[in-house]
Amino acid sequence: MASSVQSRLLARLSIHPPLRPSFLTISRSFVARASPPKPRESPLLEPAPADDEEVPTSGISRPLSEILKGLGKRVPDSLVKTRVEDGFSIKYVPWHIINRILNLHAPEWSGEVRSIVYSADGKSVSVVYRVTLYGIDAEIYREASGTASVEDTNYGDPVQKAEAMAFRRACARLGLGLHLYHEDMS
């Protein structure tokens, strides 16, 4: 029963079997504490596995080398966006797509803003962001910075813009979308 429920959920989430998350089942006791009881038809209300029953973990904990290999693959052109900045055409992958790719290839990743610093003249803001990947054999992190003009509000809040830039750059240091930085060199 658990595998058929997971299969239906995976089909809805467009996650394929090698990356099957095991956290898609929620124990009945957790759901009871978190919300009022729901009808039994809900696919998320499965009984919790017995203590001696093995819980599948394929796709969650993998060696770091496999995670990095997956992140190093070329991002499909359909996910790459282009914007013009200072007269130059810039290709990039939006932060929310990068986030989804990380969730698929490295579900146990974490990210944090390390610092937010405004320039002395108050005209720009810089953000340092750290992305950490956790494998079963090791963990690795990369940090990067992003800077945005305080006066430029074309794409939203300057701090959010600088954070998204720093996040994308930190992910590129792990191999995700790195090919976009090298396309003009060939």
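This passage describes the salt bridges of a predicted model and how far some of the residues in them are exposed.

Side chains of opposite charge can pair when their charged atoms come close. In the present structure, a search of the whole model finds five salt bridges, and three of these pairs are described here together with the accessibility of their partners.

Among the pairs is that of Lys161 and Asp152, whose side chains meet in a salt bridge with an N to O distance of 2.6 Å. Lys161 has a relative accessibility of 13%, and because buried means under 20% relative accessible area, Lys161 counts as buried. Its partner Asp152, by contrast, has a relative accessible area of 21% and is partly exposed.

Salt bridges that share partners also join Glu112, Arg114, Arg130 and Glu143 into one network. Within this group, Glu112 forms a salt bridge with Arg114, and the closest N and O atoms of the two are 3.5 Å apart. Glu112 counts as partly exposed, at 36% relative accessibility, and Arg114 is likewise partly exposed, with a relative accessible area of 43%.

A further salt bridge is found between the side chains of Arg74 and Asp77, with an N to O distance of 3.8 Å. The relative accessibility of Asp77 is 56%, and since exposed means over 50%, Asp77 counts as exposed.

Taken together, the residues described include a buried one, Lys161, a partly exposed one, Glu112, and an exposed one, Asp77.

Definitions and conventions:
Residues are numbered from 1 along each chain as its sequence is written. This is a predicted model: local features need pLDDT of at least 70, side-chain atom pairs count only at pLDDT 80 or more; totals for chains, interfaces and linings use all residues. Side-chain values use heavy atoms; hydrogens and water are left out. A salt bridge is a side-chain nitrogen of Lys or Arg within 4 Å of a carboxyl oxygen of Asp or Glu. Buried means under 20% relative accessible area, exposed over 50%, partly exposed in between (1.4 Å probe, protein chains only).
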